[in-house]
Amino acid sequence: VISLTPPALATPTTTGAVPATCTIYLHGATVTSWTVNGREMLFLSSKAILDGSKPIRGGIPLVFPQFGTYPGAPLPQHGFARTSTWRVLRTDVSPDETKATVVFVLTSSDLSLAARTAWPTPFRLEYTVTVDAVHHTLATDLAATNLATTTEFDMPFTWLLHTYLRVDAIEKTEIRGLEGHLYVNKAIADRDPTTQAFPALPIKEETDRVYQNVVPAAESHLHVLSGGRPAVEIVRTHGETAFRDVVVWNPWVDKAKAMADFGDDEYRHMVCVEVGDVVVPNAVSVAPGETRRAGQVLRALL
Ligand code: TA6
């Protein structure tokens, strides 16, 4: 387990809280905690399994090289990144000591035999986590490199940051920034794409919406408001290779009860707002020797 705390601001403030901390498990390189002035910004289930035997239920699980699953898929649901043991490449602290960074790496040789058999393409995945105690941000960036040397091995994949945000109360939560975008709600039988007409998306039932081509633009950052006040802004990074799709998920009552690693009433204190490239038209393909970068910056709006 890696703990990141920018040294310059590692001493508790007058409120007794440290401005910024972040905890990451080598299992899945899963961020499990990000605190800002002592306030936990991410949701981690009280029943999350942290021993490496299952994906961690909460924080920011990494989805790669496959979002979801389909009949006969050789890979498990959401791929192998979130259940592999990553390695720490390096840690850095900014000269002014207000930012702390850790870089993780996962390559084909780190995979289980099953995963390598299911996905034989030689690859290198780097994951950079930076906590900034001055700007109250957590940046998480992925870089996928195709290590194949012969030309016929392009590397197609879908990927996503499966961010579990903590909210005071789901009934007072809304997500902004998805107005006018096309989505499919996987939680209902009708899979016809629909356009969201309203500026705010409240969460009042099981929700599993896949918004496609929510192209990031300056004014289209995503905002999660909790209790009527802004809580977190999600900014997608890396310009023209920025993540294009957004998934919003809350299991609600029945699905919450059906998950062993999720408390029955915990759906009231979380919402997943996940940025990625997940719909078939947005699947990424990286040529041998090439690298694709995408990421997000979460900003706590105090
Ligand atoms: O967040 C979107 C989603 O694909 C949902 O359909 C739900 O399955 C969720 O991921 C959690 O998946 P998991 O495999 O972590 O239980």
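Student: Which residues does UniProt list under "active site"?

Tutor: An annotation like that is a pointer from a record, to be checked against the coordinates. Here the unreviewed UniProt entry lists His162 and Glu274. Bear in mind that the model you're looking at is predicted.

Student: Why do they gather at one spot?

Tutor: Look at C-alpha distances, not just numbering. The two span 113 residues in sequence, yet no two of their C-alpha atoms are more than 4.9 Å apart, so they end up together at one spot. Their side chains also make a polar contact, at 3.5 Å.

Student: Where does each one lie, in a loop or in a strand?

Tutor: His162 sits in the loop between strand E11 (159-161) and strand E12 (164-166), while Glu274 belongs to strand E21 (residues 270-277).

Student: Is His162 buried or exposed? And Glu274, buried or exposed?

Tutor: Check relative accessible area: buried means under 20%. His162 has 6%, so it is buried. Glu274, at 1%, counts as buried too.

Student: What does His162 touch further along the chain?

Tutor: Skip residues up to four places away in sequence, then read off the rest. For His162 that leaves Gly59, Ile60, Pro61, Val63, His78, Trp249, Cys272 and Glu274. With the same filter, the contacts of Glu274 include Phe67, Asp245 and Trp249.

Student: And how many residues are in the largest nonpolar core?

Tutor: There are 75, and Phe64, Leu125, Tyr127, Val129, Trp159 and Val271 touch the most other members. Another core of seven residues lies apart from it, with Phe67, Val210, Val278 and Val279 among them.

Definitions and conventions
Residues numbered from 1 in each chain as written. Predicted model: local features only at pLDDT ≥ 70, side-chain atom pairs only at ≥ 80, totals over all residues. Heavy atoms only, no water. UniProt positions renumbered as here; feature names shortened; annotations may be inferred. Helix = DSSP H or I, 4+ residues; strand = E, 2+ residues; numbered from the N terminus. Buried < 20%, exposed > 50% of the residue type's maximum accessible area, 1.4 Å probe, protein only. Contact = heavy atoms within 4.5 Å. Polar contact = N/O pair within 3.5 Å; in protein donor to acceptor, adjacent residues only side chain to side chain. Core = buried A, V, L, I, M, F, W, Y, C linked by side-chain atoms within 4.5 Å.
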